[in-house]
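Dear colleague,

I am passing on the structure we spoke of, with the sequence alongside. Please open it before you read on, as the notes below are meant to be followed with the structure in view.

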Amino acid sequence: MRTVYLDHSATTPVHPDVVEAMLPFFTEEYGNASSIHRFGRNARVAVDEAREKVARLLNAQDQEIYFTSGGTEGDNLAIKGVAWALRDKGDHIITSQIEHEAVLNTCRYLERNGFEVNYLPVDQYGMVDPTDVRKAITDKTILISVMHANNEVGTIQPIAEIGAMARQREILFHTDAVQTVGKLPVDVKALSVDLLSMSGHKFYGPKGVGALYMRKGAKIQPLAHGGHHENWKRAGTENIPGIVGMAKAMEICYQELDIVSKKESQLRDALQKGIQETIADVRFNGHPTQRLPGSLSACFQALEGEALILSLDLKGVAASTGSACSSGSLEPSHVLKAMGVPIEIAHGSARLTLGRSNTQEEIDYVLEVLPQIVDRLRSMSPLRPSKEVC
Ligand SMILES: *Cc1c(COP(=O)(O)O)cnc(C)c1O
């Protein structure tokens with residue numbers, strides 16, 4: 001059976017050149033970067049080169065890059081790290097209602113530990129208003145954390161504006177850029193961020209590796225204590241193959257950024273147009289223009305998103321309801337809820353996220369099977385509005 005992968009916001013396949021770059025570090029180059037012999041030195045060189053690449057692509061300095069185990073750890077390290085470092089200065093944190101669970105649940109944990117957190121609302125497109133951020137700032141505010149682009153609906157946030165404001169008030173600003181690194185230009189200086197988290201597996205690198213950018217002069221407490229790794233901010237022997245692979249993946253994504261994002265957004269637009277033309281009662285979520293190139297989120301009225309995803313899976317099409325983390329739960333997406341989508345409509349949501357190797361033929365195939373599935377599910381649905389009754 002034909003398979004079409006449309007879940008690139010959950011994870012991506014590792015690029016073949018990335019696998020190739022990683023392989024030697026599983027075999028002959030197995031050194032520990034802390035050892036002083038040749039094996040160790042080779043590993044150290046590999047980590048240094050990877051750090052240099054990541055730093056250059058983010059317009060940062062090498063010493064400002066800290067390797068982590070992924071986006072979740074980066075978010076935790078940034079938010080708890082600042083909270084514990086600055087708790088004498090203040091106990092107030094500002095974030096948004098549409099953050100990834102890695103940010104939201106970290107903030108909830110801090111609330112249970114004496115911090116006060118503001119969860120800012122968003123508009124109908126899932127956009128945070130910088131004015132709301134400004135109004136929420138108090139003299140106790142130590143951190144603002146707003147994601148660069150949302151993983152469910154793809155809306156790109158006004159990070160540079162929020163960053164400039166935070167800088168002016170001398171408040172640390174973190175952004176979860178897991179969905180944008182490798183997909184959009186990410187320049188830490190232009191964005192005026194102090195902390196930025198990213199994750200390798202969202203841009204064709206391996207799983208279990210990420211990085212946190214931390215501006216020189218920003219202060220955090222480490223979460224893991226141990227050796228001197230990552231300048232005492234993140235103890236533990238470095239994941240050399242992962243680090244090498246992530247840097248390679250990032251390099252490939254930025255070399256081909258223009259072509260890939262143009263192709264992805266064209267295919268995404270074709271998919272959206274096709275759905276609009278063949279299926280009634282669909283509403284698209286996210287900002288019409290300020291949106292990730294491959295991202296399409298739609299609510300199909302009078303059906304269950306889970307049923308839709310399972311039916312698509314039987315036809316070889318891999319998509320998701322909201323975020324990968326909330327699938328399996330019957331709670332409607334917190335993102336759609338924050339955007340004011342009525343609960344019964346949010347239940348019919350599907351997220352289709354395209355990647356670099358999707359083709360027009362695949363989109364044609366999806367547009368062939370999707371209307372049939374929607375028809376069948378609606379014909380069985382008790383939610384279907386009946387014409388006679390209306
Ligand atoms: C995937 C994702 C994360 C988590 O990253 P992991 O590397 O899987 O831990 C965090 N934030 C956003 C926006 C994501 O999409």
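What follows covers the surroundings of the ligand and then one pair of helices.

Please bear in mind throughout that this is a predicted model.

I began with the ligand, around which there are 13 residues, and among these Thr 72, Asp 176, Gln 179, Ser 199 and Lys 202 come nearest. Sorted by class, the shell is made up of 8 polar, 3 charged and 2 nonpolar residues, and the element that gives the most to it is helix H3, spanning residues 71–86, with 3 residues.

Three polar pairings with the ligand may be worth displaying. A polar backbone atom of Gly 71 is 2.8 Å from an oxygen atom of the ligand, while in the case of His 201 it is a polar side-chain atom that lies 2.8 Å from a ligand oxygen. For Lys 202, an N or O atom of the side chain is likewise placed 2.8 Å from an oxygen atom of the ligand. As for cover, the ligand taken alone exposes 380 Å², of which the protein buries 87%.

Turning to the helices, I looked at H2, which runs over residues 38–57, and H7, which runs over residues 240–255; their axes come within 9 Å and cross at roughly 30°. Since angles under 35 degrees count as roughly parallel, H2 and H7 are therefore roughly parallel to each other, and the crossing that they make is left-handed.

With best wishes

Terms used: Residues are numbered from 1 along each chain as its sequence is written. This is a predicted model: local features need pLDDT of at least 70, side-chain atom pairs count only at pLDDT 80 or more; totals for chains, interfaces and linings use all residues. Side-chain values use heavy atoms; hydrogens and water are left out. A residue is near a molecule or strand if one of its heavy atoms lies within 4 Å of it. A polar contact is a pair of N or O atoms within 3.5 Å; within protein, one must be able to donate a hydrogen and the other to accept it, and residues adjacent in sequence count only if both atoms are side-chain atoms. Accessible areas come from the Shrake-Rupley method with a 1.4 Å probe; for residues, only the protein chains shown count as cover. Helices (H or I, at least four residues) and strands (E, at least two) are DSSP runs, numbered from the N terminus. Ala, Val, Leu, Ile, Met, Phe, Trp, Tyr, Cys and Pro count as nonpolar, Asp, Glu, Lys and Arg as charged, and the others, Gly among them, as polar. Axes are lines fitted to C-alpha atoms, for helices over the stretch in contact, and angles run from 0 to 180 degrees between N-to-C directions. Angles under 35 degrees count as roughly parallel, over 145 as roughly antiparallel, 65 to 115 as roughly perpendicular and the rest as oblique. A crossing is left-handed if the near helix is turned anticlockwise from the far one by less than a right angle, and right-handed if clockwise.
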